[in-house]
Amino acid sequence: MMQKLDMQGSNELMFGAELLDGRVLQGLQDRFCACNNLYCVCLSQMQGVVTKAYGSKEELNYIHEKVGMARHIVLLNRLITSEMEDVVEEPLEEDYLKMNGVAIRVGGKIAAIWIVIGVLSDIAAPEQEIPENIQKTTTKQYYNSLDFLTYISKQYFATKLDELLAQEAFAKNREIQEQIKTELQRTEVMTSIVKMLESENGFSKIADEILTDVCNYLKISNAALLRINRDGETADMISECCLEKEDALIAKCQGISTSEFPFTNGKPYMISADSLLPPAFAQFFEKWNIQAAISLPIEINGEAAMYLCFFELRKRRIWDVSDIKFLNEVKQIVQSILIKRITKNSLASSYASLEAILENVGCGICVRDMLSEKILYTNQQFHRLFADDRFEKQQDEIFRSGNKRYGNGNFVEYYSKEDNRYFDIYHTQINWVDGRMVMLLTVYDVTDKKLYQQKIERQANNDFLTGLYNRMRCEHDVEIYIQKAREQGGKGALCYIDLDDFKHINDGLGHQYGDILLQTISRSLRGVTGLESTCYRMGGDEFIIIVNQEEYQRLDEILTEIRNIFSKPWFLKGGDYYCTMSMGVVCFPDDGDNVQELIKKADIALYEAKKGGKNRIEFYDENVEATSFKRLDLEKNMRYATTNSCQEFEVYYQPIVDISRPGDPCSGAEALIRWNSEAMGMISPSEFIPLAEYLGLINPIGSFVLKEACRRCKYWNDMGHPEYHVNVNLSVVQLLQNDMKEKVREVLEETKMDPANLTLEVTESLAINDMKRMKKILSDIKSLGVKVALDDFGTGYSSLNHIRELPIDIIKIDRCFIIDIGKDEYSEAFVKMVSELAETIGVRICVEGVEETEQVEKLRSMKVQYIQGYYYGKPMRAEDFEKKYL
């Protein structure tokens with residue numbers, strides 16, 4: 001079982017409230033304590049108290065008087081800090097009292113902790129008075145109970161984790177299907193727009209058609225082409241598309257002053273409904289009733305002559321990164337069409353212009369003469385998709401794919417047996433640059449998505465070990481069988497099976513033989529007549545069998561056959577071993593017509609079978625009193641304390657200046673956390689950051705800084721500074737998280753920020769201490785498209801021998817080498833040496849702590865690119881930074 005848990009834990013699935021079902025654990029605890037005469041409570045690191053302590057008020061008062069809260073805390077700390085021990089005993093003054101902590105680990109992490117207390121009747125001295133209402137046990141029973149508690153807890157978490165993984169796989173499958181559908185639509189629209197390159201219609205008509213295609217595809221309420229007049233002070237709207245006629249603006253935008261359009265400054269703007277707006281933009285949006293807008297300059301001879309504008313007037317809209325990329329591609333095509341019309345290029349130059357566009361559209365392009373069947377053009381992407389020798393053999397099949405000699409405007413899926421790859425191919429008839437009729441193919445390689453979709457579909461319905469259907473498929477099928485029985489007046493049965501003492505097989509023979517046994521049992525169950533397609537593995541060693549209404553009259557026969565399966569030994573590891581089962585049976589719709597209700601009642605019947613001595617079959621009896629499950633209000637400890645503290649944090653920004661460019665422009669900023677406590681005032685980062693790392697709070701605080709910095713940088717990029725980047729420091733605790741890459745990915749997707757504008761800083765000492773591990777971690781993070789900077793460089797001078805091994809983009813030289821530059825030969829020589837080294841290995845240099853003009857000039861002569869320090873600005877609030885640099 002632990003092998004199973006460790007394997008699933010490697011999936012980096014966050015286990016917290018999803019994994020800890022207080023209602024189920026409360027019921028498990030209360031039944032366990034009642035059956036074993038013990039006192040117990042369940043805790044977790046993330047949520048605090050998970051279950052209400054078992055026992056009456058008088059019993060708990062007695063236990064707390066004898067044990068005390070201090071011993072609970074000591075026991076918890078021992079378990080949390082231990083990497084090896086799962087069961088820890090806390091010594092008590094009275095010999096007749098026992099106190100143990102049991103840690104349940106999932107994927108190497110502690111998911112829950114049981115605190116167990118027992119009163120031993122075989123050790124108690126006569127003179128010691130123990131109240132009559134106190135439950136008592138023996139030493140042997142006490143330790144056997146601890147083993148049982150550990151076993152059933154692991155079973156619960158394995159089952160729960162399987163359920164969460166299956167749900168995640170199902171959700172991903174639906175997401176991929178939607179993504180494929182969207183990409184197909186986008187390809188069709190882009191193909192239509194690319195055809196406009198060779199249209200003989202007037203530019204205004206072409207613009208109208210392109211704007212109409214874009215509006216209809218993206219459902220944008222208004223799209224327009226704004227032309228700056230020769231006087232440079234007025235503009236005319238020369239083309240427009242509106243989804244609703246009353247939204248038309250073209251009549252109002254003739255000869256209008258450019259001062260009324262704040263975006264006519266040659267910069268691109270991508271403004272969502274939730275973007276922060278400068279006053280000029282706020283007034284413009286209010287005047288024209290605009291909720292969101294994108295403005296893209298169209299340049300002619302290096303100057304913005306037109307603006308391609310997209311306005312959302314009807315609803316709040318948050319621009320998606322893929323939509324922005326699509327609109328930029330549309331803008332490039334419009335610009336190419338305009339330049340061609342203005343310059344009246346020759347046929348050769350037209351072909352070159354077309355070729356430049358087709359080489360950058362992101363898909364394979366192939367053009368073939370429809371009469372001669374000669375290939376006229378293929379872009380580089382097409383050659384990467386099809387090897388030349390294989391394309392010669394596949395050419396006719398590709399062009400005739402979909403059983404059509406020359407399809408037009410249709411997507412077909414093509415599978416290449418030679419390459420074992422899947423392609424989406426779109427056929428379109430167009431006029432080529434010389435007027436002849438040709439067939440244009442746009443080709444997308446969808447192999448990875450196709451294979452992943454197939455894998456997800458299998459994972460969403462099948463158990464990976466046994467091949468049986470899983471819990472999610474079980475719940476889906478039970479609902480269908482219930483509905484069918486209700487409509488046709490029939491009956492069915494749900495049988496919940498749990499193997500008896502399966503842990504002994506795992507512990508005695510090894511987990512690999514436990515897996516073999518589960519596979520053998522699965523085949524045997526599926527071999528029972530009538531159960532071929534109604535067997536399910538719920539997780540661990542638990543199975544569900546559905547006897548549908550067609551087989552219900554054979555229920556007794558089926559149960560007898562299942563009992564016979566487990567009456568014989570199983571041949572494992574060269575010998576015979578017995579493993580029996582206990583079963584709970586519930587009938588539908590008599591005992592219930594709800595999936596969860598039936599499974600719950602079958603579980604109650606199964607519990608009765610276990611309690612009755614195992615190796616039994618019990619039918620659900622409504623007269624059996626089941627323990628009621630009550631959900632407790634969880635204590636708002638560490639998680640809520642951190643959430644509340646984040647309201648007091650603020651991100652400051654210190655400008656980073658590029659001295660390699662004329663005028664020393666600002667290129668971005670470093671995000672620095674500040675804490676203004678209501679109770680204690682402003683606290684230095686050097687004080688609270690180490691404390692946050694010690695308490696385990698640096699992860700939520702670091703996540704807050706990362707998300708806030710990316711959100712702010714996205715605003716800078718949208719407001720005319722697409723080149724601005726932001727630097728965010730990562731602590732050792734954050735960097736060593738298994739899911740750090742996914743957290744960065746989630747923030748980038750949520751804020752829709754360009755990954756290339758995010759730089760993550762790690763300290764030199766951290767990188768050098770574990771070079772192999774850091775190379776792996778930093779490479780994973782860089783695969784997202786972000787940059788990595790090595791901070792505090794110089795504090796570990798020996799690292800110069802290893803610096804070229806690290807996947808970094810920027811070296812930040814520590815301020816201690818800058819203080820005396822120009823005065824101290826060693827400092828000057830060090831910076832010069834590092835600068836030359838950086839140029840050799842292809843990374844950039846940023847120098848921190850610059851405060852004087854003399855330092856700036858010295859660094860400029862050493863080919864340093866970036867400078868950061870008080871000379872250009874101290875860390876400041878976002879509003880102050882934007883007032884000065886935006």
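These legends go with close-up views of a predicted model.

**View 1. Helix α5 lies alongside helix α6.**
Here we're looking at α5 (residues 139–195) and α6 (residues 203–218), whose axes come within 10 Å and cross at roughly 175 degrees. Angles over 145 degrees count as roughly antiparallel, so that's what α5 is to α6. On the α5 side, the contact is made by Thr 182, Gln 185, Arg 186, Val 189, Ser 192 and Ile 193. Facing them from α6 are Ile 210, Asp 213, Val 214, Tyr 217 and Leu 218. Sorted by class, that gives six nonpolar, three polar and two charged residues.

**View 2. Helix α5 also packs on an antiparallel sheet.**
The sheet is an open one, with five strands in the order β2-β1-β5-β4-β3. At its edges sit β2 (48–49) and β3 (87–89), each of which pairs on one side only. Zoom in on the β3 edge and you'll find three bridges to β4 (residues 97–106), in the antiparallel sense. Val 88 is a handy marker there, standing opposite Gly 101 of β4. As for α5, the helix touches β1 (39–44), β3, β4 and β5 (109–119). The direction of α5 makes about 20 degrees with that of β4.

**View 3. The largest cavity takes part of its lining from α5.**
There are five cavities of 30 Å³ or more in the model, and the largest has a volume of about 80 Å³. Which residues line the largest cavity? They are Thr 187, Met 190, Thr 191, Val 194, Leu 358, Val 361, Cys 363, Ile 365, Leu 440, Thr 442 and Tyr 444. The largest share, four residues, comes from α5. Both α5 and β16 (437–445) supply at least two residues each. The lining splits into eight nonpolar and three polar residues, with no charged ones.

**View 4. The second largest pocket holds about 1600 Å³ of space.**
This pocket is lined by 45 residues, and those closest to its centre are Leu 28, Ile 152, Glu 542, Asp 603 and Tyr 607. Several elements give two or more residues to the lining: α2 (22–36), α5, α13 (471–488), β17 (492–499), α14 (502–509) and α17 (595–611). Which of the elements gives the most? That's α5 again, with 12 residues. By class, the pocket lining has 15 nonpolar, 11 polar and 19 charged residues.

**View 5. A mixed sheet of five strands has helix α16 packed on it.**
Read across this open sheet and the order is β18-β19-β17-β22-β23, with mixed pairing. The edge strands, β18 (535–539) and β23 (617–619), each pair on one side only. From one strand to the next, the twist averages 20 degrees. At the β23 edge, three bridges join that strand to β22 (residues 581–588), and the two run parallel. To find your way around there, look for Met 583 and its bridge partner in β23, Ile 617. Helix α16 (residues 555–565) touches β17, β19 (542–547), β22 and β23. The direction of α16 makes about 165 degrees with that of β22.

**View 6. A cis peptide bond leads into Pro 589.**
The bond from Phe 588 to Pro 589 is cis, with omega near 5 degrees. Pro 589 itself is in the loop between β22 and α17. Why pick this bond out? Most peptide bonds are trans.

**View 7. Asp 664 and Lys 863 have positive phi values.**
Most residues other than glycine have a negative phi, so positive values get a view of their own. For Asp 664, phi is near 50 degrees. You'll find Asp 664 in the loop between β24 (649–658) and β25 (666–677). For Lys 863, phi is near 65 degrees, and the residue lies in the loop between α26 (853–861) and β32 (866–868).

Key. Residues are numbered from 1 along each chain as its sequence is written. This is a predicted model: local features need pLDDT of at least 70, side-chain atom pairs count only at pLDDT 80 or more; totals for chains, interfaces and linings use all residues. Side-chain values use heavy atoms; hydrogens and water are left out. Axes are lines fitted to C-alpha atoms, for helices over the stretch in contact, and angles run from 0 to 180 degrees between N-to-C directions. Angles under 35 degrees count as roughly parallel, over 145 as roughly antiparallel, 65 to 115 as roughly perpendicular and the rest as oblique. Contact means heavy atoms within 4.5 Å. Ala, Val, Leu, Ile, Met, Phe, Trp, Tyr, Cys and Pro count as nonpolar, Asp, Glu, Lys and Arg as charged, and the others, Gly among them, as polar. On a 1 Å grid over the protein atoms alone, a cavity is a set of points where a 1.4 Å probe fits but cannot get out, and a pocket is an open set with protein on both sides within 12 Å along at least five of seven lines; lining residues have an atom within 4 Å of a point. Grid points are joined across faces, edges and corners, and a volume is the space filled by probe spheres set on the points. Two strands pair if DSSP finds at least two bridges between them.
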